[in-house]
Amino acid sequence: MNILVVLEHSGNGLRRSSYEALTAARILGGTVTGVIIGGTEAQIASAGAYGLTSCLNITSAGLESFANGRAAAAIAEAARKVGATYVLLSATSTGKDLAPRLAVRLEAGLLADCVELNADGSAVRPVYAGKALVTVRSTTSTTVLTLRPNVFTARLAETATTPTIENFSPSVADIRSSVVTNIVRNEGTVDVAEADIVVSGGRGLKGPEHFTLVENLAKALGAAVGASRAVVDAGWRPHREQVGQTGKTVSPSMYVACGISGAVQHLAGMSSSRIIVAVNKDKEAPIFKVADYGIVGDVFDVLPKLTEKIAGVTGKH
Ligand SMILES: Cc1cc2nc3c(=O)[nH]c(=O)nc-3n(C[C@H](O)[C@H](O)[C@H](O)COP(=O)(O)OP(=O)(O)OC[C@H]3O[C@@H](n4cnc5c(N)ncnc54)[C@H](O)[C@@H]3O)c2cc1C
């Protein structure tokens, strides 16, 4: 059985979620091949520690800038080349964009946003905004799976290898698609979907100027800043920080919700976090139903004290 894992680069290595996908691929127990678009030797080599032995490096013309339609066409060709039974992607924004396109091209079943993967190819995924979990299995000969970031732990393989790299240039010139022409990077900020710790703020902060309380706590914890939709809609915070059904899905090791009520649409994006801490002045707030640790109190009192204590331990001010 052949498994193709779609890898995304980040600096000199890969995105953490790609190492997670490589680790998850080992559950299925077949031959794993990676595929990357315009990867460097160093980026591909970094995956050797996670068991990758061979990788197709897509070098097709027209993919110098990311173009979803063309990228999906090229990856579908890679899947055909290796005879992939499974194509694994991380459910990042890129993975979510590519997966359905790949499924159509490969006439494959799509199991999206999986939080568990079993050796028989079945997978568990949340439905109804996280209210229930279903076990699903695809009945097609090829299956495309996306894996929720931060849920599968990236584990080093028993023996590290140096993956062989094959440059692969399928022709994708004629595909009509949108092309990314400019990328504005938010240097220095951790993507909320990939952060190990997230501190989010809601309407309880009363105004954008008070988000420094959330930012300071995040800094002390080395965390990313998240937000509820209410504050994003109000223009207090950018949409990239929104957590929830119409924002990002996060599964950090710790999620701290400050002045957030815990509406079902917010919970849909964060309830799979390993530890949930809530600060809310209303002891009946629904967020406390999912919280492992709850502080009933005013964010204006609690957050500065918490930040001071934590910064005293971590040394991050
Ligand atoms: C289709 C749809 C999609 C949606 N998608 C999303 C989504 O992706 N993400 C999302 O977050 N929401 C989403 N929503 C909106 C969601 O229903 C809620 O309206 C939103 O999450 C509320 O945000 P909030 O908790 O910040 O505000 P509120 O619900 O107003 O809660 C504020 C909380 O702060 C507490 N508070 C007030 N003052 C203080 C204080 N001084 N100290 C401590 N606590 C205090 C209050 O007790 C309250 O619990 C969606 C809604 C719909 C209909």
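Biologist: In this predicted model, which loop holds Asn150?
Modeller: Look at the strands on either side of Asn150. One is strand 11 (143-147), the other strand 12 (164-168). Asn150 is found in the loop between strand 11 and strand 12.

Biologist: Is Asn150 buried or exposed?
Modeller: Count the C-beta neighbours. Asn150 has 24 of them inside 10 Å. A residue needs 20 or more to pass as buried. Therefore Asn150 counts as buried.

Biologist: What is the phi of Asn150?
Modeller: Asn150 is not a glycine. Its phi is positive even so, at about 75°.

Biologist: Where does Glu107 lie, and is it buried or exposed?
Modeller: Glu107 lies in the loop between helix 4 (93-106) and strand 7 (109-114). It has 9 other C-beta atoms within 10 Å. The limit for exposed is 12 or fewer, so Glu107 is exposed.

Biologist: What is the phi of Glu107?
Modeller: Glu107 is not a glycine either. Still, its phi is positive, at about 50°.

Biologist: Why does Arg70 count as buried?
Modeller: Arg70 lies in helix 3 (residues 68-82). The cut-off for buried is 20 or more other C-beta atoms within 10 Å. Arg70 is buried because its own count is 26.

Biologist: What distance separates the C-alpha atoms of Arg70 and Ser171?
Modeller: Along the chain, Arg70 and Ser171 are 101 residues apart. In space, their C-alpha atoms are separated by 9.2 Å.

Biologist: Which helix gives the largest share of the largest nonpolar core?
Modeller: That core has 53 residues. Val5, Val35, Ile75, Val87, Leu88 and Leu102 touch the most other members. The largest share of the core is eight residues, and it comes from helix 3.

Biologist: Which residues does Ile75 contact, leaving aside its neighbours within four places in sequence?
Modeller: Ile75 is one of the core residues that touch the most other members. Once those sequence neighbours are set aside, its contacts are Val6, Val35, Leu98 and Leu102.

Biologist: How many residues are in the other core?
Modeller: This core lies apart from the largest one. Its members include Phe211, Leu267, Ala291 and Leu303. The count is 40 residues.

Biologist: Which residues are closest to the ligand?
Modeller: The ligand is surrounded by 28 residues. Helix 6 (229-233), helix 7 (264-270), strand 16 (275-280) and helix 9 (299-314) each supply at least two of the shell. The closest are Gly202, Gly204, Arg229, Ala230 and Gly244.

Biologist: How many residues of the shell around the ligand are polar?
Modeller: Split the shell by residue type. Nine are nonpolar and five are charged. The polar residues number 14.

Technical notes: Residues are numbered from 1 along each chain as its sequence is written. This is a predicted model: local features need pLDDT of at least 70, side-chain atom pairs count only at pLDDT 80 or more; totals for chains, interfaces and linings use all residues. A residue is near a molecule or strand if its C-beta atom, placed from the backbone, lies within 6 Å of it. Helices (H or I, at least four residues) and strands (E, at least two) are DSSP runs, numbered from the N terminus. Ala, Val, Leu, Ile, Met, Phe, Trp, Tyr, Cys and Pro count as nonpolar, Asp, Glu, Lys and Arg as charged, and the others, Gly among them, as polar. A nonpolar core is a set of buried Ala, Val, Leu, Ile, Met, Phe, Trp, Tyr and Cys residues joined through C-beta atoms within 7 Å. Two residues are in contact if their C-beta atoms, placed from the backbone, lie within 7 Å.
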